[in-house]
Amino acid sequence: MSHSYIWPTFLTQTFILGVLSTDPLNVLLIVSDDLRSSLEVSSPNLDQLASKSAVFLNAFAQQAVCGPSRISFLTSRRPDTTRLYDFNSYWRVHAGNYTTLPQYFKSNGYTTMSVGKVFHPGIASNFSDDYPYSWSVPTYHPPSFAYEKRKVCKGQDGKLHANLLCAVNVSEMPLGTLPDMESTAEAQRLLRTVKDGQSPFFLAVGYHKPHVPFRIPQEFLKLYPLENMSLAPDPDVPKGLPSVAYNPWTDIRKREDMQALNISFPYGPIPKDFQLRIRQHYFAAVSYMDSELGKLLSTLDDLDLAKNTMVVFTSDHGWSLGEHGEWAKYSNFDVATQVPLIIYVPGVTSAVEKPGKKTFPFWDVFQHPHMRFSEGRAVRNVVELVDLFPTVSELAGLKPPPPCPHSSFAVQLCTEGSSRALSIQVLKEGIDVEAIAYSQYPRPSDAPQADSDLPSLADIRIMGYSVRSHSYRFTVWVTFDPVNFTANLTDIHAGELYLLKDDPGQDHNIYNSIMHGTALVKLGSRLPWGTALRQHLLYFTAGSKPNGTP
């Protein structure tokens, strides 16, 4: 088998310095579920990883829901190319036989393995997590996940319920464990088996938390006393928010403890005391995930693999914690689309540690809840999760996929993103104000209804296309035909425009005022807004980027 290895200039330079060997880098890809980027929590192990890595501060998912986002970044194609907006189709059959990130590494001699939630399970990955296309061996799913939505949460009445808030005594759980604990143990086992292997490895580990329900070890709540919790800074639905843009958080409404509150549909609100408890449990779930992450990275160290393994950490999308009166994902706001993206490359993002000194020692969050680390290499330019495939490929020494042509449904290997490998090595002052991230979200109707958060393909009638730059977020909701997968850009149902310098929380929609010219002055010397909007939207449907975008 021929391998398409190419060694970027910056890697060649580190070889000359004797930091790295000429062997290809292993890859450890870690994906957290529903982890937002804007959060102040106790996460010493994630912070330690960031201190030794390139940290992309403005990374965005292409659709804020699990299945479509994961298929998008694992194929480096946007949802309009995967044609997956729900969980109910397999892209190889429904859209095109696209090569995935792990499949590309597998075809280049890597042993590829998957633990936990990497692909979205079910139809979206052919009920097999795309095995054997993407993986060298069958994938692992933690057995205790079967109890995730069952009545295992002890309520105040002493009975067991299927609750949203589900802090538990782990010893009392079915199988005496939790899914992410099992995933960590299996990933550790796989690392031991491939340590002395003849081929490099690509190991993907998908942690389920902080995804709902918040079934987590109860001791993590102690890190966040309820009296110290606060509401979102903007907990009310903005007056200028179009109804089509609102997500009514139907997922969390289905849990027994939420149903007992008898909350009005669609806007609620959730009682303030319960809002605080949701935020408390989410924070605790993140710290729990961080603890599992720390154990995994410590094992990488113990096996002497940190010196030749790239570590990539990200999430499929964010999660609203009461901002704009919204909860969960299912929107185009930053809190739903922005994700952490952290990439550690030994000898590049930080020096390889001397023998005997650990790169990733484990930090117990209960003993070190306020541990502080130096900042990593901050990359402030706007990037997208579709950039992940070409970036990781190039950093590992593989030739990145070529750019996709105008229509790529018949093209197996190409990218609709861009490699950001150079950004990791060469830090530039300033910000590329022209950099753009694209996201989108479907709706079945203009007004919120029961399936607004996750409509089936056949029921999609409107698509919200969103453009995020360093200075603005601009979204238009247009008519969409789910049969032909086409958007009618002339039929705009509603729009949103947020100028981030004055409105970082995206609470003041000034879209309608641009018709009267009052907002144009704030856009400075950018393209005339109507022209810029149309160019950006044409990118989604025509497949070519507008002028002035990377």
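**Entry 1. Cysteines**

I began with cysteine 166, which is buried, with a relative accessible area of 1%. I use "buried" for under 20% relative accessible area, "exposed" for over 50% and "partly exposed" in between, with a 1.4 Å probe and protein chains only. I note that this is a predicted model, in which local features need pLDDT of at least 70 and side-chain atom pairs count only at pLDDT 80 or more, while totals for chains, interfaces and linings use all residues. Residues are numbered from 1 along each chain as its sequence is written, and side-chain values use heavy atoms, with hydrogens and water left out.

Which cysteine forms a disulfide with cysteine 166? It is cysteine 153, and the two sulfur atoms are 2.1 Å apart. A disulfide is here a pair of cysteine sulfur atoms within 2.5 Å. I read -100° about the S-S bond, so I entered this link of cysteine 153 and cysteine 166 as left-handed. The pair links distant parts of the chain, with cysteine 153 in strand E4 (residues 153–154) and cysteine 166 in strand E6 (residues 165–168), 13 residues apart. Helices (H or I, at least four residues) and strands (E, at least two) are DSSP runs, numbered from the N terminus. Cysteine 153 is buried as well, at a relative accessible area of 3%.

I then turned to cysteine 404 and cysteine 414, whose sulfur atoms lie 2.0 Å apart in a disulfide. The link of cysteine 404 and cysteine 414 is right-handed, with 85° about the S-S bond. This pair also links distant parts of the chain: both cysteine 404 and cysteine 414 sit in the loop between helix H12 (388–395) and helix H13 (421–425), 10 residues apart. Cysteine 404 and cysteine 414 are both buried.

How many disulfides does the distance rule give? The count is two. With the bonded cysteines of the protein chain numbered in sequence order, I wrote the pairing as 1-2, 3-4. I also checked cysteine 66, which is buried at a relative accessible area of 2%.

**Entry 2. The chain as a whole**

I recorded 14 helices and 17 strands in the protein chain. Of its 550 residues, 60% are buried. Contact means heavy atoms within 4.5 Å. Among the contacts in the protein chain with a separation of 6 or more, 75% come from residues 24 or more positions apart.

**Entry 3. The seven-stranded sheet**

I traced an open sheet of seven strands in the order E3-E7-E1-E9-E12-E2-E13, with mixed pairing. Strand E3 (111–116) and strand E13 (377–384) stand at the edges with a single partner strand each, so one side of each has no neighbour in the sheet. From one strand to the next the twist averages 15°. Two strands pair if DSSP finds at least two bridges between them.

At one edge, E3 and strand E7 (residues 201–207) pair in the parallel sense over six bridges. Glycine 116 has glycine 206 in E7 as its bridge partner. Is edge strand E3 largely enclosed or largely open? Five of its six residues are buried, so E3 is largely enclosed by the rest of the structure.

At the other edge, six bridges join E2 to E13, and these strands run parallel. I noted arginine 377 in E13 as the bridge partner of alanine 54.

**Entry 4. Helix H2**

I next examined helix H2 (residues 44–51), where seven of the eight residues are buried. Those buried residues are Pro44, Asn45, Leu46, Gln48, Leu49, Ala50 and Ser51. The elements that cover them include strand E2 (54–60), helix H10 (272–302), strand E9 (309–315) and strand E12 (338–344).

H2 lies across E2, E9 and E12 and runs at about 60° to E12. Axes are lines fitted to C-alpha atoms, for helices over the stretch in contact, and angles run from 0 to 180 degrees between N-to-C directions.

How do H2 and H10 pack? Their axes are 7 Å apart, at an angle of about 55°. I therefore class H2 and H10 as oblique to each other; under 35 degrees counts as roughly parallel, over 145 as roughly antiparallel, 65 to 115 as roughly perpendicular and the rest as oblique. On the H2 side, Pro44, Asn45, Leu46 and Leu49 meet Asp290, Ser291, Leu293, Gly294 and Leu297 of H10. The residues of this contact divide into five nonpolar, three polar and one charged. Ala, Val, Leu, Ile, Met, Phe, Trp, Tyr, Cys and Pro count as nonpolar, Asp, Glu, Lys and Arg as charged, and the others, Gly among them, as polar.

**Entry 5. Threonine 99**

Last, I located threonine 99 in the loop between helix H5 (91–94) and helix H6 (101–107). Threonine 99 is buried, with a relative accessible area of 12%. Leaving aside neighbours within four places in sequence, I listed Leu74, Thr75, Tyr104, Phe389, Gln412 and Leu413 as the contacts of threonine 99.
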